[in-house]
Amino acid sequence: MDEKSTSSHQRLLVFLLMVLIFGVFMIQYACPSSSECRMLHQLGAWFTLGGKRGTHNGESVSQDGLQKDPYIAEDGALARFVPRFNFTKPDLNRDVVFNIKGDDVIVFLHIQKTGGTTFGRHLVRNIQLERPCECHAGQKKCTCLRPGKKETWLFSRFSTGWSCGLHADWTELTRCVPSRMDSRETQKNQPRNYYYITILRDPVSRYLSEWRHVQRGATWKASLHVCDGRSPTVSELPGCYSGDDWSGCSLQEFMDCPYNLASNRQTRMLADLSLVGCYNVSTMSEDERWPVLLDSAKRNLKGMAFFGLTEYQRKTQYLFERTFNLQFIAPFTQLNGTRASSVEVPPETQERIRRLNRWDVELYDYARDLFLQRFQVARQQEHRQAREQRQLERRRLRGRFSQKQGRRSKPTETARPTGVETEEQQREMAAEDSVESEVLFPDWWDVDENSTMEDYIGNVEHW
């Protein structure tokens, strides 16, 4: 009877263990690491077989103890990025010295349906600052002031509001922001530095998202579209619908309107519209107009202090932090389940949307190439700096060890003849002995820059 009871207990334990292992795997499957299920992931980490994974400062650590690169394939990027465009070194190395305590201002150009609302909230709520922005419940705007001053360092929807008009574009902002800032604050003897930033999105996804937004009754009637000192006339910019809004419109109706500003919105909002006569389309043909706008948008985008891409949230966070030397408190989250992604669109309809947005498609390809090249260069610089720091530290430790060995090899008659050391000398000798025990490296230790696996990983390109 005792043997049967023991056997049944063993089978029960085996069964419970199998259930536990199955639960751990289900946690990892149903609640990916990029989600917010932190407690479940902690539980899974405790029971992972073999302890193959761990964490270091909140980041994943691989089996060999090295910190895993959090940017590899976190957003579906290609494992090996092949550049298509040739950019100069200054294009890829953004030399920005943002002085939040001085007169510098970050200006956020918010293009509709690019995830700009989320990014805008990051700017006012998620940056580690000496003087954080003051945000209060029920208020749409936050107060973002410089340390020790009553001046703002951020010009955006959630800080200064739509001061230059609803979703003001490049043409409006570059002419409006300086005068608005001067009217809000005391004029300076020296001109301010304005650092323009923006977020772009895949054109097809952005277009579908805007359609769904308009379908729910949203309008941007408050947009001013000011160019060359005036807003466009009704004949220059006709409406797509009559009435208060366009709620309930079908995708077919949305695509059929020839005046729909959703088409190629990103190109138009980043270009200098005064180059083509603003909204007066009679000044030149469409075939002449759009190439000029595209070239202008590319030039302005490349000259911006920073831009990010909706499809690359972690890389966007990384490049912003590197550019402005500011750190976010919580990491960005890659959300792929948007309303636009839930829309089932036939391939032929998607192709028509791409044709309607052909200039945005070309601009996005250009922007994505530049963005990933900048990320690549920044990561290589970071790895190189870290490697140089490790090598410098090793050389410093070896130098101290060599000095210690040299002192020990001196003739004994140079030592204090009394054989009595002061308390301070004894502490110093004890410290030197402890250093010696820690730095007995082989002679070849820092000869090769790839002398450790960490150095080797640092030399490998990551995307």
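Start with the aromatic cluster: select F98, F108, F119, W153, Y195, F306, F320, F324, F328 and F332, which together form one cluster in this predicted model. Across the structure, the count of aromatic pairs comes to 23.

Keep F108 highlighted, since the next stop shares that residue. F108 also belongs to the lining of the largest cavity, where F108, F155, W162, A168 and L173 are the residues nearest the centre. The full lining has 15 residues. Now select strand 3, residues 105-109: this strand gives the most to that lining, with 3 residues. The space inside the largest cavity is about 110 Å³, and the structure holds 2 cavities of 30 Å³ or more.

Return to W153 from the cluster and pick out R146, one of its contacts. You will find R146 in the loop between helix 4 (116-125) and strand 4 (154-155). Is R146 buried or exposed? R146 is buried, with a relative accessible area of 0%. Turn on the backbone oxygens here: the R146 side chain reaches that of I100 at 3.1 Å and that of G102, also at 3.1 Å. Beyond its neighbours within four places in sequence, R146 has further contacts, including D103, D104, R131 and E151.

Two more arginines round off the tour. Select R265 together with W220: R265 lies over the face of W220, 5.5 Å from the ring centre. Then show R379 and Y318, where the charged end of R379 sits over the ring of Y318 at 5.4 Å from its centre.

Notes: Residues are numbered from 1 along each chain as its sequence is written. This is a predicted model: local features need pLDDT of at least 70, side-chain atom pairs count only at pLDDT 80 or more; totals for chains, interfaces and linings use all residues. Side-chain values use heavy atoms; hydrogens and water are left out. Helices (H or I, at least four residues) and strands (E, at least two) are DSSP runs, numbered from the N terminus. Buried means under 20% relative accessible area, exposed over 50%, partly exposed in between (1.4 Å probe, protein chains only). A polar contact is a pair of N or O atoms within 3.5 Å; within protein, one must be able to donate a hydrogen and the other to accept it, and residues adjacent in sequence count only if both atoms are side-chain atoms. Contact means heavy atoms within 4.5 Å. Rings of Phe, Tyr and Trp (its six-membered ring) pair if their centres lie within 6.5 Å; planes under 30 degrees apart count as stacked, over 60 as edge-to-face and the rest as tilted. A charge sits over a ring if NZ of Lys or CZ of Arg is within 6 Å of the ring centre and within 35 degrees of the ring normal. On a 1 Å grid over the protein atoms alone, a cavity is a set of points where a 1.4 Å probe fits but cannot get out, and a pocket is an open set with protein on both sides within 12 Å along at least five of seven lines; lining residues have an atom within 4 Å of a point. Grid points are joined across faces, edges and corners, and a volume is the space filled by probe spheres set on the points.
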